[in-house]
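The report below follows the fold of one chain, from the surroundings of a single residue out to the sheet, a helix and the core.

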Amino acid sequence: MRQASVIVLGILLLAGCSMGGEVPVSGGGPLPGGETARVVQVIDGDTIDVNLNGEQVRVRYVGVNTPERDQSCYSEARAANSSMVSGQTVTLLRDTSDTDQYGRLLRYIYVGDTFVNEQLVRGGWAEVVVYQPDDQYADDFRMLEQQAAQSGLGCHPSGIFDDGSYTR
Ligand SMILES: [Ca+2]
């Protein structure tokens with residue numbers, strides 16, 4: 001009897017969470033299996049250089065895209081990224097692909113429990129770009145992107161994400 005009550009309460013709590021409007025993605029921090037690295041340079045909104053096991057390597061955030069150097073909102077998106085990762089020790093997690101065509105590591109980035117790829121989309125600094133097969137968070141990211149666009153957050157008011165281009 002008591003066990004049944006606990007289960008019912010659990011279901012009610014779950015229902016309450018899903019009705020809250022916030023899209024929960026990153027709740028528990030990084031999944032196991034990540035690598036630890038130190039950020040040595042922020043290149044732009046979706047790219048960093050890290051020291052990984054004594055070697056400096058370039059990391060491209062997977063699943064997202066921020067404006068390029070010659071595009072509007074470039075500086076703001078870079079600053080948003082920098083505010084989270086500059087000088088930090090980060091956890092790197094891969095989806096399926098290890099690197100992109102430029103040899104950059106494709107990774108999800110965490111600073112503590114902060115899921116940087118997700119936060120960039122949530123804040124409107126990044127758009128969602130999915131290159132299969134790396135789509136682990138694509139649905140969640142798309143929901144967050146839609147919310148950010150509707151709320152006019154970050155780069156969305158600039159219109160940069162409406163140009164139909166997914167240049168990386
Ligand atoms: Ca970009």
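In which loop is the place of Thr 66? Thr 66 sits in the loop between E4 and H2, where helices (H or I, at least four residues) and strands (E, at least two) are DSSP runs numbered from the N terminus. The model is a predicted one, in which local features need pLDDT of at least 70 and side-chain atom pairs count only at pLDDT 80 or more, while totals for chains, interfaces and linings use all residues. Residues are numbered from 1 along each chain as its sequence is written.

**Surroundings of Thr 66**

Thr 66 counts as buried because it has 28 C-beta neighbours inside 10 Å; a residue is called buried if 20 or more other C-beta atoms lie within 10 Å of its own, exposed if 12 or fewer, and partly exposed in between, with C-beta atoms placed from the backbone. Not counting residues up to four places away in sequence, Thr 66 touches Asp 44, Gly 45, Asp 46, Ala 77, Leu 120, Trp 125 and Ala 126, a contact being two residues whose C-beta atoms, placed from the backbone, lie within 7 Å. Leu 120 is 54 residues from Thr 66 along the chain, and the C-alpha atoms of the two are separated by 8.5 Å.

**Overall fold and confidence**

The secondary structure of the chain comprises four helices and eight strands, which run α-β-β-β-β-α-β-β-β-α-β-α from the N terminus on. Of the 168 residues in the chain, 32% are buried, and among the contacts with a separation of 6 or more, 64% join residues 24 or more positions apart. The average pLDDT (the predictor's confidence in each residue, from 0 to 100) is 88 for the chain, and 82% of the residues score at least 70. Over residues 15-21 pLDDT stays under 50, and for this segment the model has one contact beyond four places in sequence.

**Strand pairing**

Two strands are said to pair if DSSP finds at least two bridges between them. Strand E2 (residues 47-52) pairs with strand E3 (residues 55-61) in the antiparallel sense over six bridges, and Val 50 stands opposite Val 57 in E3. E2 and E3 form a hairpin with two residues between them. E3 also pairs with strand E6 (residues 105-111), here in the parallel sense over three bridges, and the bridge partner of Arg 60 in E6 is Leu 106.

**Backbone features in loops and turns**

Asn 53 and Cys 73 have a positive phi although neither is a glycine, and Gly 87, which follows H2, has a positive phi as well; a cis peptide bond leads to Pro 133.

| Residue or bond | Backbone angle |
|---|---|
| Asn 53 | phi about 55° |
| Cys 73 | phi about 75° |
| Gly 87 | phi near 75° |
| Gln 132 to Pro 133 | omega near 10° |

Asn 53 is found in the loop between E2 and E3 and is exposed, with 8 other C-beta atoms within 10 Å. Cys 73, by contrast, counts as buried with 21 C-beta neighbours inside 10 Å, and lies in the loop between strand E4 (64-65) and helix H2 (74-85). Pro 133 has its place in the loop between strand E8 (127-128) and helix H4 (138-150).

**Helix H2 and its cover**

In H2, the residues Ala 77, Arg 78, Ala 80, Asn 81, Met 84 and Val 85 are buried. Seen down the axis of H2, these buried residues fall within an arc of 160°, so they line one face of the helix; the arc is that of the directions from the helix axis to the C-beta atoms. The face turned away from this buried side carries the exposed residues Ser 75 and Ser 83. What covers the buried residues of H2 includes strand E1 (35-42), E2, strand E5 (89-93), E6, strand E7 (114-115) and helix H3 (116-122).

**The nonpolar core**

A nonpolar core is a set of buried Ala, Val, Leu, Ile, Met, Phe, Trp, Tyr and Cys residues joined through C-beta atoms within 7 Å. The largest one has 32 residues, and those with the most contacts inside it are Val 64, Val 85, Val 90, Ile 109, Val 116, Leu 120 and Val 121. The elements that give two or more residues to this core are E1, E2, E3, H2, E5, E6, H3 and H4. Leaving aside its neighbours within four places in sequence, Val 116 is in contact with Tyr 61, Met 84, Val 85, Ile 109, Tyr 110 and Val 111.
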